[in-house]
Amino acid sequence: MRSVSADAVAAKVPPLWRAVASALLLIAGLLAIVQQRAGILSHGTEIRLRTVPVDPRDLFRGDYVVFGYPISVVDTGAGAGAFKTGETVYVTLGRDAEGFARAASVSRDWPAVGGGAVVIAGRVVSTSACALDDAGRFDCSGDRRRLRIAYGIESYFVPQGEGRAIETTDKARIEVVVAVSSSGEAAIKRLLIDGKPLYAEPPY
């Protein structure tokens, strides 16, 4: 018995139906992404992050602010050579005296945590990063090994014309509230200046 290939079957389907099927698959994929993000925003654990805004504009997509965070650079002691650029890592977060998240440790595998600790997933951007000191200055001294990690929360879009105003605001006044899912995925939930909400991200 002769087998029928998938291409042969697809060729018998009218072009209109093939186009409709492709469109439905695309819509389903987009809806899944939206639902995933909505789940993170609605049910994720909230953490507070200090921020360092960097670049304010994207002429093709409107205004946005690019944030750097203290948790974007994680000190691994002498072990950073074990990590590679591009790989996924898991950062265990603690809280400082003011309640802001701080990186406690980093690992390739999901860590065993307790006591209300939050784990956030990220991607290694660099294995030789400089850290920010308490004054907000880059510290590249010593023989410590540091990873620069991206968590997918580095860009935040705002109404057109307002990105530069936020970018020029003193970083000490800016705070981001992020929701982190049980699997470590993160999404920006609120942006605050001087502790007052400026923007809140709706689930949908």
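Here is a quick tour of three spots in this structure: a surface patch, a loop residue and a strand residue.

The model is predicted, so local features need pLDDT of at least 70, side-chain atom pairs count only at pLDDT 80 or more, and totals for chains, interfaces and linings use all residues. Residues are numbered from 1 along each chain as its sequence is written, and side-chain values use heavy atoms, leaving out hydrogens and water.

Let's start with the patch. L16, V20, L24 and I27 make up a nonpolar patch on the surface, with about 380 Å² of accessible area together. Patch members have over 30% relative accessible area and no salt bridge (a side-chain nitrogen of Lys or Arg within 4 Å of a carboxyl oxygen of Asp or Glu); nonpolar side chains (Val, Leu, Ile, Met, Phe, Trp, Tyr) are joined within 5 Å, like charges within 9 Å. Areas come from the Shrake-Rupley method with a 1.4 Å probe, and for residues only the protein chains shown count as cover.

Here's how three residues compare, where buried means under 20% relative accessible area, exposed over 50%, and partly exposed in between. Helices (H or I, at least four residues) and strands (E, at least two) are DSSP runs, numbered from the N terminus.

| Residue | Place | Relative accessible area |
|---|---|---|
| I27 | helix 2 (residues 15-43) | 45%, partly exposed |
| A129 | loop between strand 8 (118-126) and strand 9 (131-132) | 10%, buried |
| T92 | strand 6 (residues 88-95) | 9%, buried |

What does A129 touch? Beyond neighbours within four places in sequence, A129 is in contact (heavy atoms within 4.5 Å) with V73, R146, L147 and R148. The C-alpha atoms of A129 and V73 sit 6.7 Å from each other, though 56 residues separate the pair along the chain.

As for T92, its contacts include R102, P111 and V119, not counting residues up to four places away in sequence.

Key:
Buried < 20%, exposed > 50% of the residue type's maximum accessible area, 1.4 Å probe, protein only.
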